[in-house]
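Trainee: Could we go through this structure together? I should like to understand how its parts are arranged.

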Amino acid sequence: MLTTTSYAVLALLGVRPWTTYELKQQMDRSLRTMWPRAASVLYEEPKKLVAHGLARGRVEYTGRRRSTVYEITPEGRRALREWLDEPGGAGPVLEFEALVKVAFADHGDLAQLRATLRAIRADAERRMAATVERMTEYRTSGGPHPERLPVIALTARLLREQNEALLRWAEWAEAEAARWEGVTPETGARVPPDAFSDG
């Protein structure tokens, strides 16, 4: 059975042929922020696509090193177009362990909460730096696939805004927790005045 991951790999094969190693690198570059998957899964997907007749593989050698290069078939292009016909309206799903720890920080102590918020902010800053670097690359050179830049721009804008929102939230939450003396109302936590407001 084909999954969204199958079609994501098929779409990458629609851009150009890749080895599984190159596919993994490209998935990290272009899809990790919106569709993260383990490397072990990605190495199996091209074989699955070949089994369904949607891709084919050919063996190439670089010196003595053997690689299989996968490319999309005409049937694969048809299947990809049919998949794109389905709107895929399900929204994003957030998987965020540190946020779960924030949500249940009242079972621990203030030092733990502050450490978690610091780690979230540091990660958000790292993500923003990577986003700025990527946006600069797209703006100045068009990136490795400038012919795809119009559709890349649509997704890149959302990911940039998502990272900006995460950093804004992390700075806000850290500033709020800095005013607390504990993690419950009894020990000195308070509801931030703007937490549930519209703006």
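Trainee: What share of contacts between residues at least 6 apart in sequence join residues at least 24 apart?

Mentor: In the protein, 56% of those contacts join residues at least 24 apart; contact means heavy atoms within 4.5 Å. Please note that this is a predicted model, where local features need pLDDT of at least 70, side-chain atom pairs count only at pLDDT 80 or more, and totals for chains, interfaces and linings use all residues. Residues are numbered from 1 along each chain as its sequence is written, and side-chain values use heavy atoms, with hydrogens and water left out.

Trainee: And how many helices and strands are there?

Mentor: There are seven helices and three strands, where helices (H or I, at least four residues) and strands (E, at least two) are DSSP runs numbered from the N terminus. Their order from the N terminus is α-β-α-α-β-β-α-α-α-α.

Trainee: Is the protein a compact globule or more spread out?

Mentor: The protein is more spread out than a compact globule, because its radius of gyration is 22 Å, well over the 16 Å that the globule rule gives for 199 residues. The radius is taken over C-alpha atoms, and the rule is 2.2 Å times the number of residues to the power 0.38.

Trainee: What percentage of residues count as buried?

Mentor: Of the 199 residues, 31% count as buried, which is to say under 20% relative accessible area (exposed is over 50%, partly exposed in between; 1.4 Å probe, protein chains only).

Trainee: Let us take Glu45. Where is it, and is it buried or exposed?

Mentor: Glu45 belongs to helix H3, residues 39–51, and is buried, with a relative accessible area of 5%. Leaving out residues up to four places away in sequence, Glu45 touches Thr3, Thr5, Ser6 and Val9.

Trainee: What about Thr19: buried or exposed?

Mentor: Thr19 is buried, at a relative accessible area of 12%. This residue lies in strand S1, residues 18–19, and beyond its neighbours within four places in sequence it is in contact with Ser67, Thr68 and Val69.

Trainee: Changing topic, which helices supply at least two residues each of the lining of the second largest pocket?

Mentor: They are H5 (97–103), H6 (110–141) and H7 (149–178). H7 gives the largest share, five residues.

Trainee: How does that lining divide into nonpolar, polar and charged?

Mentor: The lining has 15 nonpolar residues, no polar ones and three charged. Here Ala, Val, Leu, Ile, Met, Phe, Trp, Tyr, Cys and Pro count as nonpolar, Asp, Glu, Lys and Arg as charged, and the others, Gly among them, as polar. A pocket is an open set of points on a 1 Å grid over the protein atoms alone, where a 1.4 Å probe fits, with protein on both sides within 12 Å along at least five of seven lines; lining residues have an atom within 4 Å of a point.
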